[in-house]
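Visitor: I have a structure on my screen and would like to learn how to read some of its features. Could you take me through them one at a time?

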Amino acid sequence: MKSLEQIVNECKELAFDLHFTRAKEWKAEQEGRVVVGYMPIYFPREIIHAANGLAVGIMGGGDRKQIIKGDAYYQSYICHIPRSILELVLDGHTEHFDGYIFPSICDVIRNLSGIFKQQKIGKFVKYMDFPQNFLPEIGGVFYQQEMEHVLRYIKEINGVEVTPERLNHSIGLYNRNRQMIEFIYDIRQDFPWRLSIEDVYHIIRAGMVIPVEEHNALLEQVCAHIAKPIGVPQDKIKIVVSGAFCEQPAVGLIRAIEQAGCYVVDDDYMLGSRMIEGDIDTTTDRPLEAISTAYINQSRYSSCIYDVSNPKEFRLAKIVKDRGADGVIFASASFCDPSLLDAPIFQNAFNKMGIRYIAFQYSENINQFKVIKEQVGTFSDSIKLWEDEPVVTINA
Amino acid sequence: MAQEAQKEMSMIIQKEMVSDLFNELARAKETGKKVCYTFIPGNLSELIRTFDMLPVYPEINALQSAMRKKSGGYIKEAEKHAHSEDVCTYVKCDVGMMLKGNIGPTGEKIPEPDVLLLSYTGCFTFMKWFETLKREYPNAKVIMVHTPYQENSEITPEMTQYMVKQFKEVVIPKLEEVTGIKYDEAKLKRHLTLSAEAEDWITRIFDTTKHRPSPIDAYFAGVYYIGPINIGFRGTQEAVDYYKELYKEIMERVAKGLGPITPEGEMKEEKFRLVVEGPPNWTNFREFWKIFYDMGAVIVASSYTKVGGVYDNGWRHDPERPLEALAEYCMNCYTNMNIPQRIDLLSKCIKDYQADGYLTNSIKSCNSFSAGQLAMMREIEDRLEVPVGFIESDLVDPRYFSYSNIKNRLESYFQMLDQRRVIGADIKEVEA
């Protein structure tokens, strides 16, 4: 078994390999394999796996890719991630990708799919319209049709017909993947010093660019390491980070939050990998329906899912309570409509519930966090001073 | 002192229609009519009328507030309540108006909604907007209709069926529940017949810009022309009559060889014909328009007048397929079209209406329009070799309208168009 440090270092390399080298190697190992890039937040990677493909998350260039061409496509008041995605693609980082999936997140990502189509990038470009109707016989059926559409594109490339057996097998692998990621968060809930949030981030993000079998093997080892009493507790409050689900904060910012005095016991940085809570059924002869049903019934709260029948503020408050967190940090990418439009909803509700929070904005390419670090530090100190305040009450 | 705007019969008719609607809304409590908040893109006017409801369009309230110079205050009010500076200003204006007592454009209080009918078409923010409204109006019934995006430049049977199922199994039963009125398909069909008629007329109206000089401005005046068809009158005889009258007036202008009417009277000389992409600025609407007509620029087509429906390519509400027609209508609105479709549509406008240039008014807080506009502009420039221009403003936030910047950019753009014309004439002379 590798040491935890070795695994983390490996994941650091993988997570920010903006040339997606492992995907390229994997594709070259066998004829008929396809590589499909997908944008944040969530995409059912199982279906690509079952079609002899690898779904690779494209989370932008972060602070590691200078933007030159991408800026020519976007006005200054549009978030940063579409320009860094375009920069990566136009610079040939994804030449080995066969197709691209744009899950419905917001108007920016939606229209980015149109730019890809216009420029004829890849063999196919699919805007994946996730249902906002949550009745299995209506929205569920539509979602299955959307997945079938993706599978038709892949079949045109490699001729692979996805059978229920193949898909059930793939679902099983991703179920295991999600179980282990949740195990890491469950351990960190009580022992956050065993693995820093920065390391967790790298480990999960690495899973977006390598085959699930390889990621599962890494996660097995990580889980084994952190099941043991390692590390030294520090005097920090526990917080949940919310709002950073698409354009990612620079790693330095993720690190800075913890260094400033906050153990992050839950977050939505890599929401796509954790979107489905619990397992998806692997015993059915209609696995697309199983994926669809899981999306409808087992999704985490998200700014991209219409929530009036299941309000997000109560769902986040429940996470805060369940994780024993002291407060919430709302971190939104600048100009991120979904995150910023949710902010008043969360904040008005949390004012009433007595949940403490702070909010700030970031951009993926900004790596100066002095002000944010001070803000987080003050937040942490203030909560420590208010230790005797009443605990959070949730009236969902 | 500002010059009195020239008024034609169609303007008076429209003013009365809108005023009657707001008066009806003010009396909704007394009359017992149910109030339905909904949006312009994908508006289900015919269905709303079938259930005898009164529509309220939050984005119309916002733009009207802007034209009355009230939006700045409303936006600041919303920002005090955690709304970001960087999001849709329609939303903030609406929220601010609500926080300040929900007094509508006529000075009367807009009634609270009985129904929040979200036909989620072409704009992600609509969804967030209604999530916000639901929290403000917890007693309102919320109805979501998910309109699939034309991601592959087409409306597939599956997309239509998805919407029809939502109408049958969610929307109509909930509307029956709220209004206590049984769904009457024959009534819906009658409204749809009238919708198709109004759509024929508005298509003819916007087609008159093929004339030289163009008898209308298809952007600055166009936003008034689309009023009745978009704000709840589509599907009524009133709308048909309005558009017939408007068409008659425009054809009279064509017969006389007259240009468009501006707030300062008739535009005397048509120097430039433009196609404009993007919504207008509402806070300084008249100043904005004046820059154009002072320079002799007329807009012969615009994407904004297609947000409430695209009828250019012959699509009409079909009363024989009522629910399918509603579905197709929603999916066919401009912002529900993908970028290649938008490019094709605007390119066709440039060619059909013999435009000299293509101008983008990029709106800071409207990603549905703005994201992708630069790529569209470049493609159109390459494809048609038409001079392109680019300005930036906002919908209803007065802080983002910079008169001098916009004027400078437009003046440079018009100079470029002029130069192109001179060079073009020289080349023709040499070739001859």
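**Reading charges, rings and a helix**

Guide: Let us begin with a pair of charged residues in this predicted model: B:Asp397 and B:Arg399 form a salt bridge, in which the closest N and O atoms are 2.7 Å apart.

Visitor: What is the general idea behind such a pair?

Guide: Side chains of opposite charge can pair when their charged atoms come close. In this case B:Asp397 is buried, because its relative accessible area is 1%, while B:Arg399, at 38% relative accessibility, counts as partly exposed. Another salt bridge joins B:Lys306 to B:Asp312, again with the closest N and O atoms 2.7 Å apart; here B:Lys306 is buried at 7% relative accessibility, and B:Asp312 is partly exposed at 28%.

Visitor: How many salt bridges are there over all chains?

Guide: The count comes to 63 salt bridges over all chains. One of them lies between the side chains of A:Glu277 and A:Arg300, at 3.8 Å from N to O, and that pair links distant parts of the chain, since A:Glu277 is in the loop between helix 11 (271-274) and helix 12 of chain A, and A:Arg300 is in the loop between helix 12 and helix 13 of chain A, 23 residues apart.

Visitor: Which residues are linked with A:Glu277 and A:Arg300 in a network of salt bridges?

Guide: The network also includes A:Glu182, A:Asp186, A:Asp266, A:Arg274 and A:Arg323.

Visitor: How should I read two aromatic rings, such as those of A:Tyr301 and A:Phe346?

Guide: Look at the distance between the ring centres and at the angle between the planes, where an angle over 60 degrees counts as edge-to-face. The rings of A:Tyr301 and A:Phe346 are 5.9 Å apart, centre to centre, with 75 degrees between the planes, and the pair is edge-to-face. A:Tyr301 lies in the loop between helix 12 (287-298) and helix 13 (312-322) of chain A, and A:Phe346 in helix 14 (residues 337-353) of chain A, so this pair ties together parts that are 45 residues apart in sequence.

Visitor: Are A:Tyr301 and A:Phe346 buried or exposed?

Guide: Both A:Tyr301 and A:Phe346 are buried.

Visitor: Where does the charged end of A:Arg205 sit?

Guide: The charged end of A:Arg205 sits over the ring of A:Phe16, 4.2 Å from the ring centre.

Visitor: What span should helix 6 of chain A have?

Guide: Helix 6 (residues 136-158) of chain A has 23 residues, so at 1.5 Å a residue it should span 33 Å, which agrees with the 31 Å between its end C-alpha atoms. Just after helix 6 of chain A, A:Gly159 takes a positive phi of about 75 degrees.

Conventions
Residues numbered from 1 in each chain as written. Chains lettered and ligands numbered in written order. Predicted model: local features only at pLDDT ≥ 70, side-chain atom pairs only at ≥ 80, totals over all residues. Heavy atoms only, no water. Phe/Tyr/Trp six-rings, centres within 6.5 Å; stacked < 30°, edge-to-face > 60°. Helix = DSSP H or I, 4+ residues; strand = E, 2+ residues; numbered from the N terminus. Buried < 20%, exposed > 50% of the residue type's maximum accessible area, 1.4 Å probe, protein only. Lys NZ or Arg CZ within 6 Å of the ring centre and 35° of its normal. Expected span 1.5 Å × (residues − 1). Salt bridge = Lys/Arg side-chain N within 4 Å of Asp/Glu carboxyl O.
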